[in-house]
Amino acid sequence: IGHTGSGKSTMIQHLNGLMKATSGALYYNGENIYDEKYNLRQLRNNVGLVFQYPEHQLFEIDVLTDVCFGPKNQGLTEEECKKRAIEALELVGLSNTGKKKAKNFSLGMRQRLAIAIALIGDPEFLILDEPTRGIDVGAKAEIYQLINNLAKQGMAIIVVSSELPEVIGISDRIVTFCEGELTGEFMQEDATQEKLLQSATR
């Protein structure tokens, strides 16, 4: 968590190599992702990233084609792409939506669709940037239920959010950012809104 401009979104884009640090190194499973021969495509399968505005990830003629876009570009057969896409859509509660157009979805449904796209690579880590911003209470509950279900299945999840009460409710560990720096770290049992706000402000 942190105020707008504190560096949260910039930080997470380093975690799957979308941005490169100006100095230092970043390791995934003991390998430096900045090495010349490192497989960034595989890293982006292992570390799924869902951006703050899901509509930026949705541009195909229908939902199934949207979800199939990534694996198709990785060289998977059409049959395997569809199989994975259908499984991912079921996982996020969007079964039988494959022929529909994402532009007709509510914001909450688009967010779940963007998560399905990230899940199709079977990631070890899932990063969600402000996944509940702008959506109603019911849709928020669905997103958080989905997060909890994925966590129970063993997936590590990083959520960027400014929704303090909700973050406290779903997180094992909370870190605060301010002016591009990590300024605090709290386990759930020690986190209060007051402590988090204090840590995220200079």
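Colleague: Which residue in β7 is the bridge partner of Val175, and what makes β6 and β7 count as a pair of strands?

Modeller: In this predicted model, Val175 has Glu185 as its bridge partner in β7. Strand β6 (residues 173-178) and strand β7 (residues 181-187) are joined by six bridges in the antiparallel sense, and since a pair needs at least two bridges, the two strands qualify. The hairpin they form has two residues between the strands, and there Glu179 takes a positive phi near 50°.

Colleague: Why are β3 and β5 said to stand at the edges of their sheet?

Modeller: The open sheet has three strands in the order β3-β4-β5, with parallel pairing. β3 (47-50) and β5 (156-160) each have a single partner strand, so one side of each is left without a neighbour in the sheet. On average, and with direction ignored, neighbouring strands here are turned by 15° against each other.

Colleague: How do you know that β4 and β5 pair, and which residue stands opposite Ile127?

Modeller: Strand β4 (residues 125-129) shares five bridges with β5 in the parallel sense, which is enough because at least two are required. Opposite Ile127 stands Ile158 in β5. Helix α5 packs on this sheet, where it touches β3 and β4, and its direction makes about 160° with that of β3. Helix α6, in turn, lies across β4 and β5 and runs at about 150° to β5.

Colleague: What makes you describe the directions of α5 and α6 relative to each other as you do?

Modeller: Helix α5 (residues 107-119) and helix α6 (residues 137-152) pack at an angle of about 20°, their axes being 9 Å apart. Angles under 35 degrees count as roughly parallel, and the two helices are therefore described as roughly parallel to each other. The crossing in which α5 passes α6 is right-handed.

Colleague: Which residues of α5 and α6 meet, and how many of them are nonpolar?

Modeller: From α5 come Gly108, Gln111, Arg112, Ile115 and Leu119, which meet Ala139, Glu142, Ile143, Leu146 and Leu150 in α6. The residues of this contact divide into six nonpolar, two polar and two charged.

Colleague: Why is the contact of Glu80 with Arg84 called a salt bridge?

Modeller: The closest N and O atoms of Glu80 and Arg84 are 3.1 Å apart, and because the cut-off is within 4 Å, the contact is counted. Both residues lie in helix α4 (residues 78-91), four residues apart, about one turn of the helix. By this rule the count comes to seven salt bridges.

Methods:
Residues are numbered from 1 along each chain as its sequence is written. This is a predicted model: local features need pLDDT of at least 70, side-chain atom pairs count only at pLDDT 80 or more; totals for chains, interfaces and linings use all residues. Side-chain values use heavy atoms; hydrogens and water are left out. Axes are lines fitted to C-alpha atoms, for helices over the stretch in contact, and angles run from 0 to 180 degrees between N-to-C directions. Angles under 35 degrees count as roughly parallel, over 145 as roughly antiparallel, 65 to 115 as roughly perpendicular and the rest as oblique. A crossing is left-handed if the near helix is turned anticlockwise from the far one by less than a right angle, and right-handed if clockwise. Contact means heavy atoms within 4.5 Å. Ala, Val, Leu, Ile, Met, Phe, Trp, Tyr, Cys and Pro count as nonpolar, Asp, Glu, Lys and Arg as charged, and the others, Gly among them, as polar. A salt bridge is a side-chain nitrogen of Lys or Arg within 4 Å of a carboxyl oxygen of Asp or Glu.
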